[in-house]
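This report covers the ligand site: polar contacts first, then burial, then the make-up of the shell.

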Amino acid sequence: MNHAKIIGTGSYLPKTILTNKDLESRLDTTDEWIVSRTGIKERHIAGPDEKTSDLSYEAALGAIASANISPSDIDLIILATTTPDKIFPSTACTVQARLGIKECPAFDVQAVCTGFVYALTIAEKFIKTNSAKNVLVIGADRMSSITDYDDRSNAILWGDGAGAVILSASNEVGIISTHIHASGNYEELLHVPRHDKASHIADTIEMKGNQVFKIAVNTLDRIVDETLENSGITKSEIDWLVPHQANIRILEATAKKLDMSMDKVIVTIDRHGNTSAASIPLALDEGVRSGKIIKNQIILMEAFGGGFTWGSALVKY
Ligand code: UT7
């Protein structure tokens, strides 16, 4: 049982939808600009009382049901988020309590848009060292809580949601390889600075989008090479690309690098926007539930985000 396999997926999106038309009425922007520059048409926005733990809990229930296990079978919870409910306790602890799981370790991981890949990587290490058998891995973000809706370059991008998987010890190959990196040298290009409370300035995302875009495309290019070299898997063996959804043009660049047609890419950005740590597990769950992704297929997940952080996970589903 020394492999780590995804045995269940789940996801949750808040009910309220913010369309490009809605944004057109408040900001100096157009649906045409947003769709052509990002691929986004709409995004889901959490209600005022809907917290990251609420989104996570719903996604976790879906993953637990599809894995056909009970919450008490879970012996570790890792939750990737940049928008925790509170400074502490971790949102993972809040989710653990809501699921009624007793005393299993639970912690958050903060790697912004790469958070889910980081969390999956850590979960795999626990399983491979026999330290856990069934890990609940969640990617959840409430990006609307750190978005300045007067800033057109950011307001159009971000959405809220959560996705989850159950990663379990297995005799069958599941995760083939994981690769994670960070470089703290680019902090000023993408960050949420903390302002003094007395200044009454909200702590919201600041991004030099165009510079981030170029670095993201080049870095994802390198992580694809690294993943293929280390795993011994060839481009043509990959059935699905399940990427972090930041911009349709970034997804297209990665697909091109893999000599892959776009119909082999799970695309959710048009309906979800950029949901940060939630985007990969949301896309994975959609791919599985729609019947596109089936057992034993090879999936490449990759992400790039604030930090900068980036990474990939190559998985036999
Ligand atoms: O997920 C974490 C990592 N994040 C990313 O990977 C995001 C990467 N970046 C991007 O996706 C893109 O850079 C953006 C979508 C954020 C921006 O697209 P862009 O093509 O790089 O546009 P830009 O920032 O170079 O701006 C071009 C023009 C500017 O006007 P001027 O200076 O040329 O007159 C902007 O002010 O577009 C303007 N602009 C807008 N116009 C209409 C910026 N936002 C908007 C808007 N509507 N919402």
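## Polar contacts

In this predicted model, a backbone N or O atom of G209 sits 3.0 Å from an oxygen atom of the ligand. Two side chains also make contacts of this kind. In T29, a side-chain N or O atom is 2.7 Å from a nitrogen atom of the ligand. In R249, a side-chain N or O atom is 3.2 Å from an oxygen atom of the ligand.

## Burial and pocket

How much of the ligand does the protein bury? Taken alone, the ligand exposes 950 Å². The protein buries 73% of that area.

The ligand occupies a pocket. By rank, the space it takes is the second largest pocket.

## Shell composition

The ligand is surrounded by 23 residues. The closest are T29, R37, N210, N247 and N274. By class, the shell holds 10 nonpolar residues, nine polar and four charged.

## Where the shell comes from

Which elements each supply at least two residues of the shell? They are the helices α2 (31-38), α6 (152-155), α7 (209-231) and α8 (248-257), together with the strand β12 (298-305). The most comes from α7, which gives four residues.

Both domains take part. Domain 1 (3-171) and domain 2 (176-316) each contribute at least three residues to the shell around the ligand.

Conventions: Residues numbered from 1 in each chain as written. Predicted model: local features only at pLDDT ≥ 70, side-chain atom pairs only at ≥ 80, totals over all residues. Heavy atoms only, no water. Near = heavy atom within 4 Å. Polar contact = N/O pair within 3.5 Å; in protein donor to acceptor, adjacent residues only side chain to side chain. Areas by Shrake-Rupley, 256 points an atom, 1.4 Å probe, with all protein chains shown as cover. 1 Å grid on protein atoms, 1.4 Å probe; cavity = no way out; pocket = protein on both sides within 12 Å on 5 of 7 lines; lining within 4 Å. Sits in = over half its atoms within 2 Å of the grid points. Nonpolar A, V, L, I, M, F, W, Y, C, P; charged D, E, K, R; others polar. Domains from an automatic or database assignment.
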